[in-house]
Amino acid sequence: MAEQIKNNVFYVGAKDPDRELFDELIPLPDGTTYNSYLVKGSEKVALIDTVDPSKVDELWAHLEQLNVNNIDYIIANHAEQDHSGSIPQVLEKFPRAVVVTNEKCKGMLIDLLHIADDKFLVVEDGSSLYLGDKNLEFIIAPWVHWPETMFTYLKEDKILFTCDYLGSHFSFENLYVEDQEATYRNAKRYYAEIMMPFANLAKKHLDKVQGLDIEIIAPSHGQVYKDYGFILDAYKDWTSDGVKNEVVLAYVSMHGSTKEMVDYFKSALEAKKVKVKTFNLTHTDTGELAMALVDAATVVLATPTVLSGPHPAAVYAAYLVKALRPKTRYLGLIGSYGWGGKTVEVISDLVSTLKAEILEPVIVKGLPDQQALAGLDKLAAGIAEKHSQLD
Ligand code: FEO
């Protein structure tokens, strides 16, 4: 059902409760939505973002329900196809419509969707678009999470459309946030997977949001915020430099030696009052792992040596950590080997671009002996000491 948000402003998006993966990478335990919004001004009609092309029929049904027989402007806040992918079909159905976006996004839409150059109206930061009794203003907000992203502000109704920013993957029944705790969790998972690599800009854009007179924040995934203070506070926390007295201990073990080290190390850290979150890399939901990376002061990878290097699951995890760029201050490596290999070199190389301090690895031959356990005690004591000095 299309749903009125304010007078002549409607949700016309699509739900995708059964989608299991995003970008063929990110698990979606609660599906997702592609929120599209229709703004009917007294003179012009604008559609803010479209939907994933697989769900365009839902968009058509909503527009039909609202008797929409003309669209003047399609606002593209972001070029990624889950929001832009139906623009060609909307242009086909409403041939007089013009795509309104910034220069960078225009270029990307031409590359990704082959939209004709003359179908665009290019706007800049601070530009406004007259719809009659309503005006849209554009706020360029790059890198949340592509270089071309922007927000659209409907001044008269005090609604900010943020596309991916502040969003969450959640196929809702009710359009508005009701359970802040659940939304916090969904939004944190989303932040960790999508926004964390660009935390500095995600933080900077908070100032832009806070400088506006807003009643409603309407992202393009998940529920719409009326009482939005909690999500801004959450972003403030996640994008801050602060880390928690937590260790993410991500492991894979083939025959139990590395697992024995993991169990011992976990107990040693907990005995020193360090919170430990363990993830078995062959079973773990990468979303859960990403969420834990938002806060943890330290990440420790545990891997056996196989085929002369780290287990591929550990390589995947190291690459994920590198790509998500968490604010983690310390990185550790533990594990067991049979006869040799380059586990330390491969993992160290993978994470070398991170700013974190690399701790002395504890790599042992075979089952851990007393000396190996003493090495784990020492590593745990070192981490606890460093965490005691966290600001
Ligand atoms: Fe929801 Fe970056 O697309």
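**Exercise 1. Find which residues of α6 and α7 meet, and decide how the two helices run relative to each other.**

Solution, step by step. Keep in mind throughout that this is a predicted model.

- Step 1: Start with the contact. From α6, Leu206, Val209 and Gln210 meet Leu232, Tyr235 and Lys236 of α7.
- Step 2: Sort these residues by class. The contact of α6 with α7 has four nonpolar residues, one polar and one charged.
- Step 3: Look at the axes. Those of α6 and α7 come within 9 Å and cross at roughly 155°.
- Step 4: Compare the angle with the cut-off. Angles over 145 degrees count as roughly antiparallel, so α6 is roughly antiparallel to α7.
- Step 5: Add the handedness. α6 and α7 cross in a left-handed way.

**Exercise 2. Describe how α5 packs against α7.**

Solution, step by step.

- Step 1: Locate the helices. α5 covers residues 180–195 and α7 covers residues 229–238.
- Step 2: Read off the geometry. The two pack at an angle of about 40°, and their axes are 11 Å apart.
- Step 3: Name the arrangement. With that angle, α5 is oblique to α7.
- Step 4: Give the handedness. The crossing of α5 and α7 is right-handed.
- Step 5: List the partners. On the α5 side, the contact is made by Gln180, Thr183, Tyr184, Ala187, Lys188, Tyr191 and Met195. On the α7 side, the partners are Phe230, Ile231, Ala234, Tyr235, Asp237 and Trp238.
- Step 6: Sort them. The contact of α5 with α7 divides into nine nonpolar, two polar and two charged residues.

You may recognise one name here: Tyr235 of α7 takes part in the contact with α5 and also in the contact with α6.

**Exercise 3. Do the same for α9 and α10: which residues meet, and at what angle do the axes cross?**

Solution, step by step.

- Step 1: Find the angle. The axes of α9 and α10 cross at roughly 50° and come within 11 Å.
- Step 2: Turn the angle into a word. α9 and α10 are therefore oblique to each other.
- Step 3: Note the handedness. Their crossing is right-handed.
- Step 4: Pick out the residues. Thr286, Leu289, Ala290 and Leu293 of α9 meet Tyr316, Leu320, Val321 and Leu324 of α10.
- Step 5: Classify them. In the contact of α9 with α10 there are seven nonpolar residues, one polar and no charged.

**Exercise 4. Describe the two largest pockets and say what lines them.**

Solution, step by step.

- Step 1: Begin with the largest pocket. Its volume is about 610 Å³.
- Step 2: Look at its walls. The largest pocket is lined by 23 residues, and Asn200, Arg325, Pro326, Lys327 and Lys355 lie nearest its centre.
- Step 3: Ask who contributes. Helix α6, residues 199–210, gives the largest share of this lining, three residues.
- Step 4: Sort the lining of the largest pocket: twelve nonpolar, five polar and six charged residues.
- Step 5: Move to the second largest pocket. This one has a volume of about 360 Å³.
- Step 6: Its lining has 17 residues, with Leu25, Glu193, Leu320, Ala323 and Leu324 nearest the centre.
- Step 7: Find the elements behind it. α5, α9 and α10 each give two or more residues to the lining of the second largest pocket, and the largest share, five residues, comes from α10.
- Step 8: Sort the lining of the second largest pocket: twelve nonpolar, two polar and three charged residues.

Leu320 and Leu324 deserve a second look: they lie nearest the centre of the second largest pocket, among others, and they also belong to the contact of α10 with α9.

**Exercise 5. How many cavities of 30 Å³ or more does the structure hold, and what lines the largest cavity?**

Solution, step by step.

- Step 1: Count. The structure holds one cavity of 30 Å³ or more.
- Step 2: Give the volume. The largest cavity has about 50 Å³.
- Step 3: Name the lining. Pro27, Leu28, Pro29, Asp30, His169, Asn186, Arg189, Tyr190 and Glu193 line the largest cavity.
- Step 4: Find the main contributor. α5 gives the most, with four residues.
- Step 5: Sort the lining of the largest cavity: four nonpolar, two polar and three charged residues.

**Exercise 6. Find two unusual spots in the backbone.**

Solution, step by step.

- Step 1: Recall the usual case. Most residues other than glycine have a negative phi, and most peptide bonds are trans.
- Step 2: Check aspartate 23. Its phi is positive, about 55°, although this residue is not a glycine. Aspartate 23 sits in the loop between β4 and β5.
- Step 3: Check the bond from valine 144 to histidine 145. This peptide bond is cis, with omega near 15°. Histidine 145 is placed in the loop between β13 and β14.

Terms used
Residues numbered from 1 in each chain as written. Predicted model: local features only at pLDDT ≥ 70, side-chain atom pairs only at ≥ 80, totals over all residues. Heavy atoms only, no water. Axes fitted to C-alpha atoms, helices over the stretch in contact; angles between N-to-C directions. Parallel < 35°, antiparallel > 145°, perpendicular 65-115°, else oblique. Left-handed = near helix turned anticlockwise from the far one by under 90°. Contact = heavy atoms within 4.5 Å. Nonpolar A, V, L, I, M, F, W, Y, C, P; charged D, E, K, R; others polar. 1 Å grid on protein atoms, 1.4 Å probe; cavity = no way out; pocket = protein on both sides within 12 Å on 5 of 7 lines; lining within 4 Å. Points joined across faces, edges and corners; volume = space filled by probe spheres on them.
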